Amino acid sequence: KFRGENKVTNDFKAVNHEVIPPDLYQKLPKVELHAHLNGSVSPPTLERLIAKKPHLNIEHSMTVISKGQSRTLEECFEMFKVIHQLTNTEEDIFEVTKDVIKEFAADGVKYLELRSTPREEKSTGLTKKRYVETVIEAIKQSKEENADIEVRFLLAIDRRHGPAVAMDTVKMAEDFSLSSNGIVVGLDLSGDPMAGHSKDFIPALQRAKNVGLKLALHLAEVPSQKEETELLLTLPPDRIGHGTFLHPEVGGSQELVDYVRKNCIPLELCMTSNVKGQTVASYDKHHFLYWYNLQHPCILCTDDKGVFATELSTEYELAATTFSLNLADIWSLSTQAIDYSFAPSSVKCDLRHQWLKLKTEMT
Ligand code: 6MZ
């Protein structure tokens, strides 16, 4: 079934609008599987942190890309560095984790997988171990205060930091997966896609896989990385972040597409992030359409809801309006995302029940 970018007529939009009331996207129960902690810090939280650290001279415009604006991916990575200056103590990490969870819950997210790079800050005494423990403590406290959202945690490997740090991060994830009561479920490979080479990370990622940790890897986020992508795909990862340049129409290849399909590796797709970060020219050119038409597992995600000034409900609305999805399509996208989470089957089962109950109430 083709849902085409060129098929959106004004008439259809009007019908679509009637079928999907604007507040539905927020009420719709949702699963968020690709959210970087420091990129998800909202403007109000950042304002508080900026006020606490006036000596840094950080302005709001240095941490957020507003509606209609865009930046290069390199500029986005500079923004993360600015945010990192604002979140350099245990207290900050605890505060931003709690706020981010609360905000996702308020947007109708019932299951959230947060990812973050363990960070050491010599100036404040923050260690990588305490960083991870602090995120876990904030997740546990949020659970006690708000039973309406389940949260899991992926430790992120920043490509810029090289293979030795990657191996340390995997070892840390191993330890925490045993001691965190199931909160740490896997690893993410992220950071500037032009930094390092994927072959350097294979031993660490292979080790993670061998001990049963899940892998969500940024892949083909920028063009001309075919060889890198092929190598990472051999692991294979449990999910792919972005995968923007996998398919032949954008310089990828049919072989890559066939491999991803054969192994049924879900794609985490972040429309606003890709358009504002200038790796995709416009919403209607987003690769969501290519993979959705193949009926390949697609999961709508925010990436960095703070930096890109978005919400998960906004991403659902964008996909629906850009690609003329109807209410049934939207429900099925949000329901399927449960299957692709790294949650244990008991949690998935409970989420499916919640979805069923809410669907009955809402329709
Ligand atoms: C690749 C990204 C990213 O880990 O400090 N990050 N990596 N591509 C992207 N697309 C825009 N967005 C965020 O969160 C910030 C870090 O997440 C990664 C980068 O390594 C960034 O420094 P944490 O919580």
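Reader: What makes the packing of helix α5 and helix α6 something you can put numbers on?

Author: The axes of α5 (residues 90-106) and α6 (residues 128-145) are 9 Å apart and meet at an angle of about 40°. An axis here is a line fitted to C-alpha atoms over the stretch in contact, and the angle, on a scale from 0 to 180 degrees, is taken between N-to-C directions. This is a predicted model, in which local features need pLDDT of at least 70 and side-chain atom pairs need pLDDT 80 or more, while totals for chains, interfaces and linings use all residues. Residues are numbered from 1 along each chain as its sequence is written.

Reader: Is the crossing of α5 and α6 left-handed or right-handed, and which residues make the contact?

Author: The crossing is right-handed, a term used when the near helix is turned clockwise from the far one by less than a right angle, anticlockwise being left-handed. On the α5 side the contact includes Ile 93, Phe 94 and Ile 101, and on the α6 side it includes Tyr 131, Val 135 and Ile 139. Two residues are in contact if their C-beta atoms, placed from the backbone, lie within 7 Å.

Reader: How many residues of the contact of α5 with α6 are nonpolar, polar and charged?

Author: There are seven nonpolar, four polar and four charged. Nonpolar means Ala, Val, Leu, Ile, Met, Phe, Trp, Tyr, Cys or Pro, charged means Asp, Glu, Lys or Arg, and the others, Gly among them, are polar.

Reader: How many helices and strands does the protein chain have, and why is the chain called as compact as a globular protein of that length?

Author: The chain has 15 helices and eight strands. Both are DSSP runs numbered from the N terminus: H or I of at least four residues for a helix, E of at least two for a strand. The radius of gyration, taken over C-alpha atoms, is compared with a globule rule of 2.2 Å times the number of residues to the power 0.38. For 363 residues the rule gives 21 Å and the chain has 20 Å, which is close, so the chain counts as compact in that sense.

Reader: Why is His 242 called buried?

Author: A residue is buried with 20 or more other C-beta atoms within 10 Å of its own, exposed with 12 or fewer, and partly exposed in between, with C-beta atoms placed from the backbone. His 242 has 27, so it is buried. His 242 lies in strand β6 and has a positive phi of about 70° although it is not a glycine. Of the 363 residues of the chain, 44% count as buried.

Reader: What makes Asn 181 exposed?

Author: Asn 181 has 11 C-beta neighbours inside 10 Å, so it counts as exposed. Asn 181 lies in the loop between α7 (162-179) and β4 (184-190), and its phi is positive, about 60°, although it is not a glycine.

Reader: Why does Ser 282 count as exposed?

Author: Ser 282 has 9 C-beta neighbours inside 10 Å, and therefore counts as exposed. Ser 282 is in the loop between α11 (271-276) and α12 (288-293).

Reader: What makes the peptide bond from Leu 235 to Pro 236 notable in its geometry?

Author: That bond is cis, with omega near -20°. Pro 236 sits in the loop between α9 (226-233) and β6 (239-242).
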